[in-house]
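Student: I have a model open and want to work through its sheet and its cores. Can we go step by step?

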Amino acid sequence: MDKKSLTETEIRTRYITPSIRQVGWSLEAMREEFYYFTNGRIEVRGKSSARKEAKYVDYLLMRQDGTNTPLAVVEAKDNNHNVGDGMQQAIDYAEALDVPFVFTSNGDAFMMHDRTGLLPHLERQIPLDSFPSPDYLDGIYRQWRGIDSADKIELTDTPYHTDTSGKSPRYYQRIAINRTIEAIARGQKRMLLVMATGTGKTYTAAQIIWRYWKAPNQGSKQKRILFLADRNILIDQTMTNDFKHFGTAMTKITGRRIEKEYEIYLSLYQAITGNDETRNAYKEFSRDFFDLIVVDECHRGSAKEDSSWREILEYFSSASQVGLTATPIETKEASSSHYFGEPIYTYSLKNGIDDGFLAPYKVIRVATDVDTFGYRPEEGEVDDEGNEIEDKEYTSKDIDRTLILPQRDQEVAKYITKFIEKTGPYSKTIVFARNINHAERLRRALVNANPEKVHENSKYVMRITGDDEIGKSQLDNFIDPESRYPVIAVTSKLMTTGVDAQTCKVIVLDSNIESMTEFKQIIGRGTRVREDYGKTYFTILDFRNVTKLFADPEFDGDPVKVYEPKDEGEFDDVVDQIEDPSPDDPGVDDGNTAVEEPGVVYAPGLDSNNERASTRVIHTVSGKEVAIIGDTVRIMGADGKLITESLTDYTRKNILGEYATLDEFLQTWSSAKQKYYILDEMAAKGIPIYELADKFGDDADMFDVVMSIAYGQKPIGRKTRAERVRQSRFLNEYQGKAREVLEALVDKYESTSLKAIEEREILKVQPLHSIGTPIEIANLFGGIQEYEAVVEKLTSELYETAK
């Protein structure tokens, strides 16, 4: 048989797979028939979303020892291609998967690419019957990774934890785990992993700990492991979720009582350290007690060189130490990389969104007149207390700091309410206020803006801040996908991190956030994907222009670089001054309670802005009118960056880039069998046509949207188009149930969209379902092909002006 007449699948089955198997690769080691390693990026299309195709490799050859270690990628082509065709894409995927060897084949031979640099040739062709054996590739891999002794091999070959759920690490988690275990095996003492919020840092940590814990001992000493965090919720969630399989070997250190019979210890920094020796409970352990320490959110306290938290790590310096963070920090006083070293692996927010594991976002920037133009009091104007207001220009930075405008709170609350009423009145929403007092005012304003919902359930709006026990008690309900209430959580600092709000669809920024670290943490509250709850993207409502930080080149997983000298007399950052104040100080975390800002406590006389509250005059001016003067929608483009120019201009430019003239577009449209494919292809390329549909009203046809934006044509609308078809001769060509089907399709088009009638799924819903089964309906027209031809003719009638 002529090879060139065979399909790619036949080439795989007859030539490539047998060649690989004959040298010892088992079926279990061959992830054949497409190994998908991403979920496919989520594209936001108006109020809906769709996934792009997931990335996959034809074969992923794995080591068979339970470690999920891939050794080779194989790209297959039919015999009309050259042996090396597809190599560049295969190398890209191999780099993403951290795979050392890449092969391509057309059924005649293999082309081999070596990423390790250990073989004589970077790329060479090998005969079809000479594919490398598992032992050969594994031996080179171990040499590449520096795994060159029996004890190192024992550690790196320890399997992952598995259970009946069938959950296994995603490709990037597997890379992070394997690189960490390999680094420990090589004797590296400090390692840094950077993984975006929502990508499973704690699960990754659990697998690292499990494999280290279960590896054979090299001595008589039982392994002991410490997991450090700085918030109770992080510890408690970890114990009941990702760490639950450690069972009775695990304990949480509380009350500064030290028990030494366990193997896995979880602790808050604050529970074992303090600013005097009597509170340094960690010294109850010997310096070599722990073999492995994993530090969650290591960009906080442990990043600072002279912090007492860092003292814990230095005390247990003999242990291997792994730092986990989504936001590494590099400042004059604090450095993640200075202590832990450069990251051994980074998986950023952009990576997660591109792969479809994290949710993309829209940004709506909302401007009030007072934020935009400022406020200057009239001569002699007084505040609500009768105090004269200082004559100066008050800007956005002064609002809710030295100037309180109740009317602004009300306008913000009204806008939030209007937005969630339109997009989903029970969409979980987090509102970030400037401070606790501001959070309380916004809570009150939101309650008044949502009277019916609050009467329905008083917990529709809740303030969840560190000082409010009732509010904090509702935190678990807010993050529980099964719990409807609370819907709106108003906070200041408490929910910036460590809150796994998987179904959060709206994040409201009404705080002057300047810290890139804090900004990344806040955005991370919305990045979880829960398609089973309709959560595929989230929206950011920005009242303070905070999202300007998206344009910062350091956004998206790179370390924050801030080098700011401290002026003499300036109040230093309180984290730098105070690490563990006395129990009588406000905001102290005793190891068993949460504070308003995790890891940060405020000195006496300082407020949550780290400023002298007693020296600052605050004016409340209830009589000042405030108005929303505009809002601007920003969405993510195909390159993962926010589109900053006008969406209409951007859309017009990109449509014309695809179809330079009206005639070219109309010709493509008229000749297409399924016209909605043209629209979806535009959206898949990042052209935001669906985002602009709202501007054309509920009756908008996406064809009209394109015609109007790109070519200046007057929109017609679905109702007019449907009525034209009803009045045309087209329907008179059909009688009985066949006409009934077509009339139902026209009605569906008018009430929904073109896509609805072009898909076969329409035949399974009412009223078409009551006419007959899909086969019965198709047979009314002579069969499925004939039915589809009639639908194509119907769409041509709907768009007769496009002929």
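Student: In which sense do β13 and β14 pair, and over how many bridges?

Tutor: Keep in mind that this is a predicted model. One pair to look at is Met 250, whose bridge partner in β14 is Ile 264. The sense of the β13 and β14 pairing is parallel, and the number of bridges is three.

Student: What is the order of the strands in the open sheet?

Tutor: The open sheet has seven strands, with parallel pairing. Strands of a sheet pair through backbone hydrogen bonds. The order reads β13-β14-β12-β15-β16-β11-β18.

Student: Which strands stand at the edges, each with a single partner strand?

Tutor: A strand with a single partner has one side left without a neighbour in the sheet, so look for the ends of the order. The two edge strands are β13 (250–252) and β18 (345–347).

Student: By how many degrees are neighbouring strands of this sheet turned against each other on average?

Tutor: Ignore the direction of the strands here. The average turn between neighbours is 15°.

Student: Which helix packs on the sheet?

Tutor: Follow the contacts with β11 (190–195), β15, β16 (320–325) and β18. The helix touching them has a direction that makes about 175° with that of β11. That helix is α5.

Student: Which strands pair with β12, and over how many bridges?

Tutor: Strand β14 (residues 264–268) runs parallel to β12, and Ala 229 stands opposite Leu 268 there. On β15 (residues 292–295), Ile 293 is the bridge partner of Leu 226. The pairing is parallel with β15 too. The partners are β14, with five bridges, and β15, with four.

Student: Are the residues of β12 that point each way buried or exposed?

Tutor: Take the two directions in turn. Ile 225, Phe 227 and Ala 229 point one way, and Leu 226 and Leu 228 point the other. The strand spans residues 225–229, and five of its five residues are in one state. That state is buried.

Student: Which helix gives the most to the largest nonpolar core?

Tutor: This core has 120 residues. Tyr 171, Ile 293, Met 495, Leu 509 and Phe 519 touch the most other members. The helix in question spans residues 171–185 and gives nine residues. The helix is α5.

Student: How many residues are in the other core, the one with Met 702?

Tutor: This core lies apart from the largest one. Met 707, Leu 745 and Ile 757 are also among its residues. The count is 54.

Methods
Residues are numbered from 1 along each chain as its sequence is written. This is a predicted model: local features need pLDDT of at least 70, side-chain atom pairs count only at pLDDT 80 or more; totals for chains, interfaces and linings use all residues. Side-chain values use heavy atoms; hydrogens and water are left out. Buried means under 20% relative accessible area, exposed over 50%, partly exposed in between (1.4 Å probe, protein chains only). Two strands pair if DSSP finds at least two bridges between them. A nonpolar core is a set of buried Ala, Val, Leu, Ile, Met, Phe, Trp, Tyr and Cys residues joined through side-chain atoms within 4.5 Å. Axes are lines fitted to C-alpha atoms, for helices over the stretch in contact, and angles run from 0 to 180 degrees between N-to-C directions. Contact means heavy atoms within 4.5 Å.
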